[in-house]
Amino acid sequence: MIYNMADTRHLVSEGHNSQIVKCVHCDSQVLSPKSATFLNEPYPLPTPTQPKDQPSTLTEDLNEWWVVDDMFTFDNIGFSHSVGSTKYLVCADCERGPVGWHDNNTRKSYVALARVKHS
């Protein structure tokens, strides 16, 4: 599912997240308010579940991201092993995801608005 800015406008204030960002599965806090900037740019993220007999990774094109410049900004997040220049982000408590990705080259992390909840 791709969310439009009209659906998420209330989550962005002055370019930053206006609310707490949480895991949709266990309610663990991922980001505090005003700790990430909003980015609207398409990027394919692997789907949370993958068929066992699938020869390649299934992805979902997502457009809206919270960008975190420093990995220590997260309140709670887990990082996968590197896959090329990418690490995938999962909830550190329940280990479900991916909720986003980390670019090893730029050191920036991207959390998909469609894979988290806000409160």
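**Loops, cysteines and overall form**

Me: Where is the place of arginine 107?
Reply: Arginine 107 sits in the loop between E9 and strand E10 (109-112). The model is predicted.

Me: Why is arginine 107 called partly exposed?
Reply: Its relative accessible area is 48%. Buried would need under 20% and exposed over 50%. The value of arginine 107 lies in between, so the residue counts as partly exposed.

Me: What makes the phi of arginine 107 worth a remark?
Reply: Phi is near 70° in arginine 107, a positive value in a residue other than glycine. Most residues other than glycine have a negative phi.

Me: Which value of phi does glutamate 95 have, and where is this residue found?
Reply: Glutamate 95 is not a glycine, yet its phi is positive, at about 60°. The loop between E8 and E9 holds glutamate 95.

Me: How do you know whether glutamate 95 is buried or exposed?
Reply: The relative accessible area of glutamate 95 is 64%. Exposed means over 50%, so glutamate 95 is exposed.

Me: What is the form of the peptide bond from glycine 97 to proline 98?
Reply: That bond is cis, with omega near 5°. Proline 98 lies in the loop between strand E8 (86-90) and strand E9 (100-103). Most peptide bonds are trans.

Me: How many disulfides does the rule give?
Reply: The count comes to zero disulfides. Cysteine 26 is in none, with the nearest cysteine sulfur, that of cysteine 91, 3.5 Å away. The cut-off is 2.5 Å, and 3.5 Å does not meet it.

Me: Why is there no bond from cysteine 94 to cysteine 23?
Reply: Cysteine 23 holds the cysteine sulfur closest to that of cysteine 94, at 3.7 Å. A disulfide needs the two sulfur atoms within 2.5 Å, so this pair is too far for a bond.

Me: What makes cysteine 26 and cysteine 94 partly exposed?
Reply: Cysteine 26 has 33% relative accessibility, and cysteine 94 has 27%. Both values fall between 20% and 50%, so each residue is partly exposed.

Me: Where is glutamine 50 found, and which residues does it touch?
Reply: Glutamine 50 is in the loop between strand E5 (37-46) and strand E6 (59-68). Leaving out residues up to four places away in sequence, glutamine 50 touches Ser56, Thr57 and Leu58. Valine 30 is 20 residues from glutamine 50 in sequence, and their C-alpha atoms are 24 Å apart.

Me: Why is glutamine 50 classed as partly exposed?
Reply: Its relative accessible area is 33%. That lies between the limits of 20% and 50%, so glutamine 50 is partly exposed.

Me: What does the secondary structure of the chain come to?
Reply: The chain has one helix and eleven strands. From the N terminus, the elements run α-β-β-β-β-β-β-β-β-β-β-β.

Me: How do you know that the radius of gyration agrees with a compact globule?
Reply: For 119 residues, a compact globule would have a radius near 14 Å. The chain has 14 Å, so the value agrees. Along the principal axes, the C-alpha atoms fill a box of roughly 45 × 30 × 30 Å.

Me: What share of the residues is buried?
Reply: Buried residues make up 36% of the 119 residues. The chain exposes about 6,800 Å², with 48% supplied by carbon and sulfur atoms.

Methods
Residues are numbered from 1 along each chain as its sequence is written. This is a predicted model: local features need pLDDT of at least 70, side-chain atom pairs count only at pLDDT 80 or more; totals for chains, interfaces and linings use all residues. Side-chain values use heavy atoms; hydrogens and water are left out. Buried means under 20% relative accessible area, exposed over 50%, partly exposed in between (1.4 Å probe, protein chains only). Helices (H or I, at least four residues) and strands (E, at least two) are DSSP runs, numbered from the N terminus. The radius of gyration is taken over C-alpha atoms; the globule rule is 2.2 Å times the number of residues to the power 0.38. Accessible areas come from the Shrake-Rupley method with a 1.4 Å probe; for residues, only the protein chains shown count as cover. Contact means heavy atoms within 4.5 Å.
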